[in-house]
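I opened a notebook for this chain and wrote down each thing as I looked it up. The entries follow the order in which I went through the model.

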Amino acid sequence: MTEWNIQPRSSACTQCQQPFADKAAYHALLLFSAEGYQRRDLCGTCFASSSREGATCYWQGEYKMPAPPPPEPLAKDTAETLLRQLLASPDPAQAPARYILAVMLERKKILKHRDTVRTEGGEEALVYEHAKTGESFTIPDPHLRLDQLTEVQQQVAALLAPSAAVVDTAPAGG
């Protein structure tokens with residue numbers, strides 16, 4: 001008896017441990033022994049060289065690679081903590097990352113844009129207020145151009161990655 005398109009229970013051949021490739025043929029055997037039923041998912045090579053004696057039935061089909069898992073939702077405290085670290089850093093090159101994080105938190109209704117002010121140096125800055133605590137954050141406005149946005153978003157994503165190192169807040173040369 002042969003059936004088609006029954007998905008394997010694992011992502012690798014149970015005999016040789018080779019991972020199944022997307023759209024590659026695989027075979028599954030259902031065997032009965034004194035210990036009960038046993039299922040084996042096999043690649044084409046292992047299936048061709050295996051004995052089907054004692055097999056109750058077998059399936060064959062094309063392996064379909066499962067979709068990647070959805071990204072884990074970003075914890076708001078991660079973005080808030082990183083924003084606080086970046087605000088403590090004097091590095092002006094981090095202004096775009098601060099701005100993007102503030103916008104992310106604004107969209108999550110954690111920060112609210114309250115005002116636009118001028119700093120002592122005459123630069124424009126945005127004032128955000130924390131929705132729950134009322135704490136204010138002054139964030140330099142980087143005047144991002146559309147062609148810079150992707151690069152800055154990638155920098156922010158790298159900073160938010162679980163493996164990212166803690167942002168160095170010490171002044172250079174110190």
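Entry 1, a hairpin. I began with β2 and β3, which form a hairpin with two residues between them. The two strands run antiparallel and are joined by eight bridges. As one pair across them I noted L30, which stands opposite R39 in β3. I should record here that the model is predicted.

Entry 2, the other partner of β2. I looked up β2 (residues 25-33) again and found seven bridges to β4 (residues 55-62), also in antiparallel pairing. On this side I noted Y26, whose bridge partner in β4 is G61.

Entry 3, the whole chain. I stepped back and counted four helices and seven strands. Read from the N terminus, the order of elements is β-β-β-α-β-α-α-β-β-β-α. Of the 174 residues in the chain, 30% are buried. I also looked up the contacts between residues at least 6 apart in sequence, and 53% of these join residues at least 24 apart.

Entry 4, a sheet later in the chain. Which strands form the open sheet, and in what order? I found three strands, ordered β5-β6-β7, with antiparallel pairing. β5 (111-118) and β7 (136-140) are the edges, and each has a single partner strand, so one side of each has no neighbour in the sheet. On average, neighbouring strands here are turned by 30 degrees against each other, direction ignored. Between β5 and β6 (residues 124-130) I listed seven bridges. K112 is placed opposite E129 in β6.

Entry 5, the helix on this sheet. I found α3 (residues 95-107) lying across β5, β6 and β7. Its direction is at about 135 degrees to that of β7.

Entry 6, two helices together. I looked up α3 against α4 and noted an angle of about 80 degrees, with the axes 9 Å apart. The range for roughly perpendicular is 65 to 115 degrees, and α3 and α4 are therefore roughly perpendicular to each other. From α3 the contact uses P96, A97, I100, L101 and M104, and from α4 it uses L149, V152, V156, L159 and L160. I sorted this contact by class and got ten nonpolar residues, no polar and no charged ones.

Entry 7, the cores. Which residues have the most contacts inside the largest nonpolar core? They are L101, L111, Y128 and V156, in a core of 19 residues. Two or more residues each come from α2, α3, β6, β7 and α4 (146-160). α3 gives the largest share, six residues. I then listed what L111 touches beyond its neighbours within four places in sequence: L83, A102, L105, E106, Y128, E129, H130 and F137. There is also a second, separate core of 13 residues, and C13, A28, L29 and L31 are among them.

Entry 8, one residue of α2. Is A79 buried or exposed? A79 sits in α2 (residues 76-88). Its relative accessible area is 1%, and buried means under 20%, so I put A79 down as buried. Last, I looked up the distance from A79 to L101, which is 6.6 Å from C-alpha to C-alpha, with their places 22 residues apart in sequence counted as separation.

Notes. Residues are numbered from 1 along each chain as its sequence is written. This is a predicted model: local features need pLDDT of at least 70, side-chain atom pairs count only at pLDDT 80 or more; totals for chains, interfaces and linings use all residues. Side-chain values use heavy atoms; hydrogens and water are left out. Two strands pair if DSSP finds at least two bridges between them. Axes are lines fitted to C-alpha atoms, for helices over the stretch in contact, and angles run from 0 to 180 degrees between N-to-C directions. Contact means heavy atoms within 4.5 Å. Buried means under 20% relative accessible area, exposed over 50%, partly exposed in between (1.4 Å probe, protein chains only). A nonpolar core is a set of buried Ala, Val, Leu, Ile, Met, Phe, Trp, Tyr and Cys residues joined through side-chain atoms within 4.5 Å. Angles under 35 degrees count as roughly parallel, over 145 as roughly antiparallel, 65 to 115 as roughly perpendicular and the rest as oblique. Ala, Val, Leu, Ile, Met, Phe, Trp, Tyr, Cys and Pro count as nonpolar, Asp, Glu, Lys and Arg as charged, and the others, Gly among them, as polar.
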